[in-house]
Amino acid sequence: MTEINQFETNPQSGSKAKFIIGGVLIVAAIIYLIASSATANAQYFLTVEETLQKSATGELGDRDLRISGAVIGDTINYNPQTLELSFTIAHVPGSKKELEAEGGLAIALHNAVNDPYRPRLRVVHNGPMPDLLQDEAQAIITGNLEGEVFYADELLLKCPTKYEESIPEQVE
Amino acid sequence: MALDIGFGSLTITFLVTLYAVGAAIYGERNKNDRWIDSARNAMLLTFPLLTISIISIIYLILTNQFQVNYVAHVSSLSMPVYLKITALWGSQAGSLVFWSWLLAAFAAAVMLRKWDNERDLLPWVIIITAGTLAFFLFLNVFFENPFARLWQSVQGVTVSMFAPSGAIPYIPANGQGLNPLLRHPGMIIHPPAQYLGFVSCIIPYAFAMASLITGRKDDNWIYISRRWTLWAWVFLSLGLVLGMRWAYDVLGWGGYWGWDPVEISALLPWLTGTAFLHSVMIQEKRGMFKQWNMVLIILTYDLVIFGTFLTRSGVLSSVHAFSTSAIGPLFFAFIALTLTASLGLLLHRWDDLKSNNELKSFFSREALFLLNNLLFMGVLVTSFWGVIFPLISELVSGQKVTVGPPFYERATAPLLGGLMLLMGVAPLSVWGYSSWKTLGRSIWKPFLASLLTIPVVFYLGIWKPWYAIVAFWMVGFVIAVTVYEFWCGTISRMRRFKENFFVALWKLVTRYRRRYGGYIIHLGMVLMALGIIGIEMFQTDTQGTIDVGEYLQLDEYTMTFDDIAIFDTNDGRYVTRAVVGIFKNDEKVSELYPRRDYFYDARQYVTVPGMRSTLADEFYVILVDLDPITRAIATFKIYHNPLVKWMWVGSWVFIVGFIVTVWPDKKPHTRR
């Protein structure tokens with residue numbers, strides 16, 4: 001057994017300062033890791049409207065973006081040969097307050113898709129077509145804007161609308 | 001009828017928990033044991049009462065009572081019975097009742113123990129568990145009521161418990177059905193395991209707080225709640241592993257962990273819990289870190305509440321979040337309240353929890369455990385920071401900034417690497433005093449043995465990336481150290497007691513269960529790490545659209561597209577199933593059936609991958625699309641995931657380690 005109680009016989013070999021310095025160094029290293037990784041990988045989370053405004057003023061550069069919007073079903077275009085997927089998303093307000101004013105996320109998504117004056121953004125993605133990509137789904141896409149087209153590396157989709165069809169005007 | 005009974009007993013349980021809190025406070029104040037016993041009986045009563053509520057919900061689901069909003073939401077006529085039962089935790093309201101029910105079960109079990117020596121802790125343990133239970137039941141009764149019904153009136157359909165004036169019951173013909181993605185065996189056990197883990201963290205917290213409040217200076221709370229902590233830990237681990245397995249099998253993106261906020265929220269209490277399990281040993285052996293252990297247990301408790309809050313409140317966008325709901329602010333208030341109260345209490349007792357010893361050397365066991373804790377906290381802070389980063393950046397700059405998986409991977413990889421290294425070094429260190437030399441003397445043999453990993457890795461043809469080689473070496477190092485520990489212990493027993501190898505090994509492990517059980521858990525963790533290294537660093541993939549009779553190639557594998565079948569099932573699915581042959585180096589090794597299921601009730605597709613798994617690698621194929629006109633041209637995405645099976649093997653190993661650790665001793669205190 002390696003577990004021999006030596007600590008009673010050995011004289012104190014270190015001072016408190018040694019441990020404090022060691023601890024501070026480790027904590028500093030961890031903070032540095034977090035800070036540097038965060039700056040290297042931060043993505044701006046924007047609405048479609050903000051994206052278009054910021055891209056017009058050249059504020060975005062080639063930064064990674066994360067954009068939330070409503071999928072317009074008629075615009076979904078998928079080529080299974082090349083796995084190229086493209087669709088258009090419509091602007092949905094970003095703040096909870098605005099969403100609630102519209103009557104909840106499901107209704108806001110519905111309004112966004114059916115309002116031709118909403119700002120829209122074309123999205124291109126290469127990969128399998130996600131099961132949840134359908135009309136009035138909420139899409140959260142990550143990637144880069146190049147010109148007027150958004151090249152998405154990642155798609156996250158949510159469908160809050162399904163239930164409303166079977167039970168109209170449901171209060172959540 | 002079932003509805004009234006269920007709701008009635010839910011409401012009564014809420015009142016009973018309030019009574020338990022009140023009676024315990026009154027009894028404690030007036031030193032009146034009869035009131036405390038009454039509070040204890042009230043706690044015992046919560047379990048049968050909530051069982052009635054749970055049975056009522058299951059009954060309502062099984063009998064297709066769609067006028068109940070929850071039933072219409074999570075169930076449908078075509079769902080099989082076992083899924084209907086799991087629909088109990090398929091959505092917000094039901095899962096909260098389920099959570100409360102588990103807590104009531106645990107609280108009742110704690111109430112049943114012998115309290116003779118800890119009579120003073122009892123009222124406080126009741127107040128804390130009953131208070132937590134009351135909070136969750138409050139949410140259920142007033143905000144997320146699983147018994148609320150649908151009503152039709154001139155304004156339309158509304159949801160409420162009791163009939164609004166002028167409304168008649170609204171009964172949908174069929175329910176929406178459980179989200180098809182949740183109709184998977186992993187989903188049947190993942191939520192209960194996760195919840196068991198969450199809930200069992202509350203018990204050690206209750207004992208810790210009771211000990212602080214009563215001003216006890218001993219470590220008794222640790223001994224009492226040790227087994228609870230271990231159970232909590234294993235269930236949190238199982239919850240995580242099952243969740244990963246589900247993601248791997250069902251979500252069909254060839255991965256198991258996406259640094260989703262809700263995944264992280266399940267990881268956070270696991271991190272503090274694991275740190276606690278380690279640092280508590282220092283308190284037991286050396287009487288140090290008492291204050292720190294309190295901090296860890298408080299954090300674990302509030303991270304459990306935070307985890308439930310994140311899953312249930314929809315505050316962050318995630319695949320897990322059910323919907324936005326009114327309960328968010330209430331959770332926030334509850335966390336703020338308990339965190340401030342507990343930390344305030346800890347500060348109040350700070351001086352009572354002074355260490356009995358001081359750190360003496362960098363390479364002593366306790367210093368290495370401290371380092372282990374620092375690294376765990378590092379991973380915790382990184383993950384937590386990533387989750388709240390969008391909220392903070394919005395507060396500070398008005399601009400929501402998020403961080404994705406690359407952030408977490410980059411920031412946590414060195415910390416996790418450090419933890420791996422510690423897993424190898426710390427078991428060979430000694431308590432109290434240890435130096436480079438003493439540590440080196442015990443470590444050089446397994447260290448040399450572990451270096452053999454490197455030529456083996458080269459021999460297998462892996463030359464880059466460098467960090468993969470380092471990672472493989474670390475796995476080898478931890479395994480070598482662990483085996484060495486078993487070996488040395490066994491050999492010394494063989495010499496001392498003249499036992500044969502197997503008897504010696506058996507006695508060694510059964511005499512020092514916690515120590516060797518812990519080593520087996522370490523072994524499980526590094527095997528999991530092996531799987532993670534394989535999939536994270538060596539995953540390859542390809543995709544293509546091919547006709548029946550054609551093939552796709554990836555690494556040494558060839559996949560032939562042999563056939564396609566399209567059919568309806570009697571549980572309401574429209575199935576498109578491909579038959580593909582898998583050839584490895586031109587030799588047929590398997591036939592797989594990747595498919596896409598369309599669920600009529602939920603109007604949603606679910607992709608079910610085909611997998612051919614060996615210990616060396618896994619071939620994972622997804623049927624992405626089938627050309628609807630020709631019905632013969634299909635698109636596949638295929639992944640080659642080396643070593644991934646070790647993740648699941650590792651999880652079995654750590655379950656074995658856990659069983660060894662918690663197996664009850666025949667005779668108490670038979671050490672050495």
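**Group meeting: a walk through chains A and B**

I will start with one cysteine: B:C201 is buried, with a relative accessible area of 5%. Before going further, please keep in mind that this is a predicted model. A second cysteine, B:C488, counts as partly exposed, at 28% relative accessibility. How many disulfides are there over all chains? A search of the whole structure finds zero.

Now chain A. Chain A has 172 residues, and buried residues make up 44% of them. Its secondary structure consists of five helices and seven strands. If you follow the sequence from its start, the pattern is α-β-α-β-β-β-α-α-β-β-β-α. Take the contacts in chain A between residues at least 6 apart in sequence: 58% of these join residues at least 24 apart.

Next, the nonpolar cores. The largest nonpolar core holds 214 residues. Which of its residues touch the most other members? They are A:F87, A:I89, A:I141, A:F150, B:W99 and B:F207, so named from both chain A and chain B. Let me take A:I141 as the example. Leaving out residues up to four places away in sequence, A:I141 touches A:F87, A:I89 and A:F150. The list for A:I141 also has A:L65, A:R66, A:I67, A:V123, A:A152, A:E154 and A:L155. Apart from the largest core lies another one, of 18 residues, and among them are B:M559, B:V580, B:L592 and B:A634.

On to the sheets of chain B, of which I will show two. The one to look at now is an open sheet of four strands, in the order 5-14-13-12, with antiparallel pairing. Why do strand 5 and strand 12 of chain B each have one side left without a neighbour in the sheet? Strand 5, residues 540-547, and strand 12, residues 610-613, stand at the edges, so each has a single partner strand. On average, neighbouring strands of this sheet are turned by 15° against each other, with direction ignored.

In the middle of that order, strand 13 of chain B covers residues 617-626 and strand 14 covers residues 633-642. Nine bridges join these two antiparallel strands. One example is B:E618, whose bridge partner in strand 14 is B:N641. A helix goes with this sheet as well: helix 19 of chain B, residues 513-538, lies across strand 5 and strand 14. Helix 19 runs at about 130° to strand 14 of chain B.

The other sheet of chain B is open too, with three strands in the order 2-1-3 and antiparallel pairing. Here strand 2, residues 156-160, and strand 3, residues 168-169, are the edge strands; each has a single partner, so one side of each lacks a neighbour in the sheet. Strand 1, residues 149-153, is joined to strand 3 by two bridges, and the two run antiparallel. In strand 3, the bridge partner of B:W151 is B:P169.

Last topic: salt bridges. Over all chains, the count comes to 20. I will go through a few of them, beginning with one inside a helix. B:R245 and B:D249 meet through their side chains, at 3.3 Å from N to O. Both residues lie in helix 9 of chain B, residues 220-251, four residues apart, which is about one turn of the helix. B:R245 counts as partly exposed, at 27% relative accessibility, while B:D249 counts as buried, at 15%.

Which parts of the chain does the pair of B:R514 and B:E284 link? B:R514 forms a salt bridge with B:E284, with the closest N and O atoms 3.1 Å apart. The pair links distant parts of the chain: B:R514 is in helix 19 and B:E284 is in helix 10, residues 261-286, with their positions 230 residues apart. B:R514 is partly exposed, with a relative accessible area of 35%. Recall that helix 19 is the helix that lies across strand 5 and strand 14.

One more pair: B:K31 and B:E28 form a salt bridge, their closest N and O atoms being 3.4 Å apart. Is B:K31 buried or exposed? B:K31 is exposed, with a relative accessible area of 64%. Its partner B:E28 is buried, at 19%; the limit for buried is under 20%, so B:E28 falls within it. Finally, B:D33, B:D37 and B:R119 are linked in a network of salt bridges.

Methods:
Residues numbered from 1 in each chain as written. Chains lettered and ligands numbered in written order. Predicted model: local features only at pLDDT ≥ 70, side-chain atom pairs only at ≥ 80, totals over all residues. Heavy atoms only, no water. Pairing = 2+ DSSP bridges. Axes fitted to C-alpha atoms, helices over the stretch in contact; angles between N-to-C directions. Contact = heavy atoms within 4.5 Å. Core = buried A, V, L, I, M, F, W, Y, C linked by side-chain atoms within 4.5 Å. Buried < 20%, exposed > 50% of the residue type's maximum accessible area, 1.4 Å probe, protein only. Salt bridge = Lys/Arg side-chain N within 4 Å of Asp/Glu carboxyl O. Disulfide = S-S within 2.5 Å.
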